[in-house]
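Student: I would like to know why the descriptive words are used here, not just what they are. Can we go through them one at a time?

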Number of protein chains: 2
Amino acid sequence: MNNFIFVNPTKIYFGKDQLQSLGAEVARFGKKVLFAYGGGSIKRIGLYDRVVAQLAAAGLTVFELPGVEPNPRHTTVNKGAEICKREGVDVLLAVGGGSTIDACKAIAATAKYEGTDSWDLMTGKASVTDTLPIVTVLTLAATGSEMDGGCVISNVGTNDKLGIFFPNAHPRVSFLDPTNTFTVSPYQTASGSVDIMSHIFDVAYFSREDEMDMLRRIQEEVLSTVVKFAPVAVKDGNDYEARANLMWAASWALNGFLFDGIVQDAACHAIEHELSAFYDITHGHGLAILTPRWLTYVLSDETAPLIKRFGERVMGVDPSLGPMEGAKAAIAALEEFFFGTLGLKSRLSDLGIDDTHFATMAKKACGEKGTLDSFTTLTPADVEAIFRMCL
Amino acid sequence: MNNFIFVNPTKIYFGKDQLQSLGAEVARFGKKVLFAYGGGSIKRIGLYDRVVAQLAAAGLTVFELPGVEPNPRHTTVNKGAEICKREGVDVLLAVGGGSTIDACKAIAATAKYEGTDSWDLMTGKASVTDTLPIVTVLTLAATGSEMDGGCVISNVGTNDKLGIFFPNAHPRVSFLDPTNTFTVSPYQTASGSVDIMSHIFDVAYFSREDEMDMLRRIQEEVLSTVVKFAPVAVKDGNDYEARANLMWAASWALNGFLFDGIVQDAACHAIEHELSAFYDITHGHGLAILTPRWLTYVLSDETAPLIKRFGERVMGVDPSLGPMEGAKAAIAALEEFFFGTLGLKSRLSDLGIDDTHFATMAKKACGEKGTLDSFTTLTPADVEAIFRMCL
């Protein structure tokens, strides 16, 4: 069992009709706010108007940054940071899903950077010691960005998608109202749910290190929560109980509650980021296609017992099976959940992806170190083989 | 399902050999520190010397407050606050269990109070808007005080034991090293473990309101963690895995992770506080005696399904039993766990308590409102009946 340091300063307003506190919470951090959002869905659900009314009532000066992309781009970050510097913005307000929040974290850091290109910070060419404060209103249960310090930004010029943790980048306050996710499509609901599960798999559960027993059990309950409620929300978007459970599960998956000192390379996420970087696909869908193939690829006498345990405790696999049989049944159950129950297409070829860039993507996924070290160690050749299993 | 607000700013260092960060963490808050501890056990395990070395290396000026009682007294709090005011103390360091930490929270508030009697703040006769910062080094897995904002203080003059949440009273930093609990006696280990379980029962699990499914499941896993590891730690105090799981379970039981907006009167705790106030018994032992009798007293067609679910998911009760049978089996299993496995004496008379003060204690437990509203509503007559079941 490892040592760990835990701290999470984000204040959460969870539930219906909590937005009346938004103006006062934003105003705690200053007078000038940059209000970032995505493609306009927040206008369709009336959230934009409610946010604007809150900011106006609090007497704030508002600058807008609309159009943050689903895989947010460093050029958009640069644009936001430029506004912050020019106007002396005090606080960022992200209204949207993980992409908008991630973009705001990178803006918050770039606004404190003497240079102008956020990519310098993403690559580590330059660093900052502080960020502007961020408040969020979440509209998608998926990335956990509403309660962590990380962000993932894409550079479409170089086909790079990089993740980083900036100092003090945890949102100061996040508003989690499940009704704001009622209009999320079945496809995005399914993809977001896979993302939640994958965070738990990648950063904690599937590890070769020993975990604290309590936390592994709790991880299984959060996974079970997704398995129970994702199908409900896919079927009926207005189911409050399902949306609420998924929303809080998403935050828990990455907010550190489940962390106990295991540090690993989040293999599936690293591999999927290459797919999203090269093909701009939905992150969670890429994870759904990759995860069962990755588990099949890494299946061995060493890894089988834990995969079997996952199957037994989360997917309802028969406990009487042996380790290898049980692990195979667990992977099959996960495939059935992703591609049957949640209705996601199961192959990269379904998304128009062929093997053109597999070798390049596999090499990039393994980074400068040349391997991904998580549940097992993967080389570029391993990653390429996993890609081929997904065709 | 209720709305809720979650925030927990405490930074946790969890694990072995983390104390090398203590000096720097305390020094973040100032130069003058009040170092509070209990009866001297921290000297026997060498922790006192390690703490003093850390504080000296950080160049801090240290004032000591030894002898904080197991049920900490308001007179001790007054003494600590007087030192803080006289010496201009910047930060409090509590090294011990929940009692020492609770005392420091009350000292931290009283140091900011223009009056001199902490009891004014405990009773609400006066209030404060701020507290001195607190750092803790935990030596007992039980109360959760290391990661929450509450404290419980006793007035031996009036036989009162009152709890309150002070503003900003969450410890800023807490050091949770399971090895610091290796020498905790089997009796205190058992009592602390009951306290952990009772926190989950009292503030969340046994409720007449609907809970978020994910959180109820997680509560069951934290309870199961205690049921699994408390007997191990009682048998072998040096079992790191058991001590680590219990330590983190104790913090989780009250740090807000398991909270989803249900507000109730924590009936068993309210009732037990009267026992500790009148007889100065170990809080967790009082809870062990009370809890199964309380559950038996409140058992009805309404409450049976949830008690049965607890039995099934935490105590290994046969799922095929009907609600009432299952609930009775759950209570029986809990009694066997407390009084058999953990070896705690099962009756108030075993602790030298008779019915002399039952009527008075029952009335005080129900407070000014006259009832305790949790899983069911209890009047003083109900509480007195529960006391009699414990004789």
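**Helices, domains and chains**

Tutor: The crossing of α8(A) and α9(A) is left-handed, where left-handed is the word if the near helix is turned anticlockwise from the far one by less than a right angle, and right-handed if clockwise. This is a predicted model, in which local features need pLDDT of at least 70, side-chain atom pairs count only at pLDDT 80 or more, and totals for chains, interfaces and linings use all residues. Residues are numbered from 1 along each chain as its sequence is written, while chains are lettered from A and ligands numbered from 1 in the order in which they are written.

Student: What makes α8(A) oblique to α9(A)?

Tutor: Their angle is about 140°, with the axes 9 Å apart. Under 35 degrees counts as roughly parallel, over 145 as roughly antiparallel, 65 to 115 as roughly perpendicular and the rest as oblique, so α8(A) is oblique to α9(A). The axes are lines fitted to C-alpha atoms, for helices over the stretch in contact, and angles run from 0 to 180 degrees between N-to-C directions.

Student: Which residues of α8(A) and α9(A) meet?

Tutor: On α8(A) they include Val222(A), Phe229(A) and Ala233(A), and on α9(A) they include Leu246(A), Ala249(A) and Trp252(A). Being in contact requires C-beta atoms, placed from the backbone, within 7 Å. By class this contact has 11 nonpolar, 2 polar and 1 charged residues. Ala, Val, Leu, Ile, Met, Phe, Trp, Tyr, Cys and Pro count as nonpolar, Asp, Glu, Lys and Arg as charged, and the others, Gly among them, as polar.

Student: Why is α8(A) called roughly antiparallel to α8(B)?

Tutor: The axes of α8(A) and α8(B), residues 213-235 in each chain, come within 9 Å and cross at roughly 160°. That angle makes the pair roughly antiparallel. The crossing of α8(A) and α8(B) is right-handed. Among the residues in this contact are Met214(A) and Ile218(A) of α8(A), and Met214(B) and Ile218(B) of α8(B). The classes here are 6 nonpolar, 4 polar and 6 charged residues.

Student: What makes α11(B) roughly antiparallel to α13(B)?

Tutor: Helix α11 (residues 283-298) and helix α13 (residues 323-341) of chain B cross at roughly 170°, and their axes come within 10 Å. The angle makes α11(B) roughly antiparallel to α13(B). Leu295(B) is one of the residues in α11(B) that meet α13(B), where Phe338(B) is one of the partners.

Student: How do you know that the chains are related by a two-fold axis?

Tutor: A turn of 180° and a shift of 0.0 Å along the axis lay chain A on chain B with an RMSD of 0.0 Å. That is the relation of a two-fold axis. The copies are superposed by least squares on the C-alpha atoms of residues with pLDDT of at least 70 in both. Of the residues of chain A, Pro9(A) comes closest to the rotation axis, at 2.5 Å (C-alpha).

Student: Why can it be said that the copies meet through the same surface?

Tutor: The contact takes 30 residues from chain A and 30 residues from chain B. Of the interface residues of chain A, 100% are also interface residues in chain B, so the copies meet through the same surface. On chain A, the elements giving two or more residues to this side are β1 (4-14), α8 and α9 (240-254). Helices (H or I, at least four residues) and strands (E, at least two) are DSSP runs, numbered from the N terminus.

Definitions and conventions. Two residues are in contact if their C-beta atoms, placed from the backbone, lie within 7 Å.
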